Amino acid sequence: MKQLLKQIATRGANYFGPHRMNWLQQDPQLWVLMYHRILPHTDIRFQLEEPGMIITPDTFSMHLRELKRHFDLMDFSEWLRLREAGEPLPRRACVVTFDDGWYDNYEYALPIINAEATPVTLFAVVEKIGTEFQFWPNIVSALLHSNALSALQQQPVFARALAQTGTGGDTKNREFIAAVIKALKQSSDADIFAALTALNWQTLLTFSMPRGLMTWDELRSMTQSGLVKIGSHTCNHKRLNAQLSSDEIAHEIVASKALLQAQLPDAVDIFCFPNGDYNHTALDAVTATYRAAVTTQRGIVNAARTPVHQLCRIGVHEQVSNTPRLLGARLSGWV
């Protein structure tokens with residue numbers, strides 16, 4: 001019965017959501033879609049990543065075709081320009097965004113973006129581009145796949161998270177890994193990386209971790225068609241909350257813009273909050289530094305009322321959007 005009700009809700013959201021029904025809209029609206037990684041099922045990186053972070057190339061291609069059916073797909077900067085100038089906006093506009101600067105965006109997303117002639121804004125973690133940096137969730141996933149559970153339990157940060165999720169299941173199960181990562185987000189990034197360093201985590205792996213982020217040259221190649229534009233996702237992907245000092249927050253926000261524009265003079269003046277976290281200090285700094293900013297708060301942007309430095313997005317990933325019907329339900333903002 002529960003599954004049947006879910007199917008009915010999905011069908012209703014797909015057919016009657018605001019992405020289809022003009023009568024539900026009074027002001028022009030903007031759908032900002034949030035993507036992270038594009039990977040085939042057969043790629044080891046697919047198995048190592050959280051389920052909510054990935055879609056396959058085939059699903060991404062389907063998304064872009066479906067989006068063209070329902071929306072005016074727009075360049076983010078152009079939508080902002082029209083809004084700022086008070087010019088008419090499409091009733092249903094959509095912009096596509098990617099977070100972080102993953103190498104697989106260059107491998108798998110770029111050919112599809114070019115083939116579908118779709119404008120995209122990619123938010124890069126600028127001090128990590130061109131380095132061997134790995135995000136801590138990926139390190140934790142690799143350690144669990146390497147049967148390093150007992151080693152992780154030696155560090156209080158990981159022991160607390162594992163106690164919340166339980167350790168009786170398969171440590172290579174992606175849902176279990178996602179639950180551990182969610183529990184770990186109660187701790188600061190600094191504490192998690194310190195615990196990993198204390199474990200000398202590289203020595204615990206049974207395989208080499210796949211490459212994470214792009215190089216600057218690859219990021220430049222992303223922009224050559226004119227379809228992909230690059231914005232800031234901070235310097236180091238630190239969560240901009242009370243765990244950081246005001247100076248650290250300022251560095252992540254202001255210095256990232258300067259470095260990005262030094263590397264890519266045509267970078268866009270748009271910011272993306274890591275993990276969606278921000279406090280008043282961070283919001284004030286972003287408002288003073290950037291033209292606009294996106295969060296991870298789920299929703300559809302009302303062009304007349306949504307603050308331009310707190311733009312909501314709709315996250316899409318394989319499990320919730322791998323058919324046109326599921327994608328349509330997701331676009332409704334209701335499920």
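## Asparagine 105 and its surroundings

Let's start with asparagine 105 in this predicted model. Leaving aside neighbours within four places in sequence, asparagine 105 is in contact with His36, Arg37, Ile38, Phe98, Leu110, Leu122, Met214 and Met222. The residue belongs to helix H5, and its relative accessibility is 0%, so asparagine 105 counts as buried.

Right beside asparagine 105 in the chain, there is a polar link to follow as well. The side chain of asparagine 105 makes a polar contact, at 3.2 Å, with the side chain of aspartate 104.

## Salt bridges

Side chains of opposite charge can pair when their charged atoms come close. In this model the count of salt bridges comes to 17. Here are some of them, beginning with glutamate 218 and arginine 211, whose closest N and O atoms are 2.3 Å apart. Aspartate 104, met above, also takes part in this kind of pairing: salt bridges that share partners join Arg37, Glu49 and Asp104 into one network.

How exposed are the two partners in the bridge between glutamate 218 and arginine 211? Glutamate 218 is buried, at 13% relative accessibility, whereas arginine 211 is partly exposed, at 37%.

## Two bridges from helix H3

Helix H3 covers residues 57-70, and arginine 69 and glutamate 66 both sit in it. Their side chains meet in a salt bridge with an N to O distance of 2.9 Å. Because the two residues are 3 apart in the helix, about one helical turn separates them. Arginine 69 is exposed, with a relative accessible area of 56%, while glutamate 66 is buried, with a value of 13%.

Another bridge reaches out of helix H3. Lysine 68 pairs with glutamate 116, again as a salt bridge, with 2.9 Å from N to O. Lysine 68 lies in helix H3 and glutamate 116 in helix H5 (residues 103-116), so this pair ties together parts that are 48 residues apart in sequence. Lysine 68 is partly exposed, at 39% relative accessibility, and glutamate 116 is buried, with a relative accessible area of 17%. Helix H5 is also where asparagine 105 is found.

## An enclosed cavity

Rolling a probe the size of a water molecule over the atoms shows where empty space is left. How many cavities of 30 Å³ or more does the model hold? The count comes to 1.

The largest cavity holds about 80 Å³ of space. Some residues in its lining will be familiar by now: Arg37, Glu49 and Arg211 are among them, along with others including Trp102, Gln134 and Met209. By type, the lining divides into 4 nonpolar, 3 polar and 4 charged residues.

## The largest pocket

Turning to open space, the largest pocket contains about 1200 Å³. It is lined by 49 residues, and those closest to its centre are Glu50, Met53, Lys185, His237 and Asn275. The lining divides into 19 nonpolar, 14 polar and 16 charged residues.

Which helix or strand supplies the largest share of the pocket lining? That is H9, with 4 residues. Helix H9 spans residues 174-184, and other elements that each supply at least two lining residues include helix H6 (136-145), helix H10 (189-199), strand E1 (29-35) and strand E5 (92-100). Strands from further along the chain belong to this group too, among them E9 (292-298) and E11 (311-315).

Terms used:
Residues numbered from 1 in each chain as written. Predicted model: local features only at pLDDT ≥ 70, side-chain atom pairs only at ≥ 80, totals over all residues. Heavy atoms only, no water. 1 Å grid on protein atoms, 1.4 Å probe; cavity = no way out; pocket = protein on both sides within 12 Å on 5 of 7 lines; lining within 4 Å. Points joined across faces, edges and corners; volume = space filled by probe spheres on them. Nonpolar A, V, L, I, M, F, W, Y, C, P; charged D, E, K, R; others polar. Salt bridge = Lys/Arg side-chain N within 4 Å of Asp/Glu carboxyl O. Buried < 20%, exposed > 50% of the residue type's maximum accessible area, 1.4 Å probe, protein only. Polar contact = N/O pair within 3.5 Å; in protein donor to acceptor, adjacent residues only side chain to side chain. Contact = heavy atoms within 4.5 Å.
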